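Please open the structure in your viewer, with the sequence panel beside it, and follow the stops below in order.

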Amino acid sequence: MDIRTPPHQLDSTDHDDRPSREEAEAAIRTLIRWAGDDATREGVIDTPARVARAYEDFFRGYREDPEAILSRTFEETEGYDEMVLLRDIRVESHCEHHMVPIIGVAHVAYLPNRRVVGISKLARVVDAYARRLQIQEKLTAQIANTINEVLQPRGVAVVIEAGHECMSTRGVHKPGVSMVTSRMLGVFRDDASTRREFLAMIQGRRCTGFET
């Protein structure tokens, strides 16, 4: 079955300076040849189309607005002002240096200030930033900063633990190594007891090593 992109879809672009689908598929064929394979053989002839479609999924975060995701909030909370924590949000991203996967989990918490947001929106914000070329440090900060700016809560905490294939499948070849990053804002940064409560709630989730 031929799964190559139909001709009428090849030149669709979202931005004037974005290459067309046809140009993207041609670049992938070039990489196949550069790797040493025959881009016209049966097993890889449809690979450029497959890769282009995969990239649309891998990097769909560029087409999403994290601030808009958080724009709808709810004030009918019966005065709830304790921590809201969403644990173990799967993170699927790609290293901006080698374009290989970063796979892990994120824990996102905030202390509401009169309004809350649907919990699925927190996961969507993680995805919106993760589905881009990233480094984990920047990803962690972007998630926390956006939640803080849009919701204006009393505090935000984000912890990400992830494995990087740029380290496990190339270079130093060290599989099984995890990187942990955190961003604490507001009371999570200023109040040690609030920070301890957050870290206690995510303990046992493989995120360790934080001093309070």
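Which residue in β7 does A162 stand opposite? Select A162 and look across to β7, bearing in mind that this is a predicted model, and you will find that the residue opposite A162 is M179. Now turn to β3, where G104 is the residue that stands opposite A162 of β6.

**The strands around β6**

Select β6 as a whole, residues 155-164, and colour the strand by accessibility: nine of its ten residues are buried, so that the strand is mostly covered. Add strand β3, residues 101-111, which pairs with β6 in the antiparallel sense over ten bridges. Then add strand β7, residues 179-186, which also runs antiparallel to β6 and is joined to β6 by eight bridges.

**The salt bridges**

Leave the strands for a moment and turn to charged side chains, of which a search of the whole structure finds nine salt bridges. For this part of the tour, select D57, R60, E64, R90, E92, D127 and R131 together and show their side chains, since these residues are linked in a network of salt bridges.

Within that selection, centre the view on R131 and D57, whose side chains meet in a salt bridge with an N to O distance of 3.9 Å. This pair links distant parts of the chain, as R131 lies in the loop between α4 (119-130) and β5 (133-134) while D57 belongs to helix α2 (residues 47-58), the two being 74 residues apart. If you display the surface here, compare the two partners: R131 is buried, with a relative accessible area of 9%, whereas D57 is partly exposed, with a relative accessible area of 36%.

Keep R131 selected and add E92, which forms a salt bridge with R131 in which the closest N and O atoms are 2.7 Å apart. Here too the pair links distant parts of the chain, with E92 in strand β2 (residues 84-95), R131 in the loop between α4 and β5, and their positions 39 residues apart.

From E92, move on to R90, because the side chains of R90 and E92 also meet in a salt bridge, at 2.7 Å from N to O. What is the relative accessible area of R90? The value for R90 is 49%, and the residue is therefore classed as partly exposed, while E92, at 28% relative accessibility, likewise counts as partly exposed.

To finish, return to the full network selection, in which R60, E64 and D127 are among the linked residues, and trace the connections from D57 to R131, from R131 to E92 and from E92 to R90.

Conventions:
Residues are numbered from 1 along each chain as its sequence is written. This is a predicted model: local features need pLDDT of at least 70, side-chain atom pairs count only at pLDDT 80 or more; totals for chains, interfaces and linings use all residues. Side-chain values use heavy atoms; hydrogens and water are left out. A salt bridge is a side-chain nitrogen of Lys or Arg within 4 Å of a carboxyl oxygen of Asp or Glu. Helices (H or I, at least four residues) and strands (E, at least two) are DSSP runs, numbered from the N terminus. Buried means under 20% relative accessible area, exposed over 50%, partly exposed in between (1.4 Å probe, protein chains only). Two strands pair if DSSP finds at least two bridges between them.
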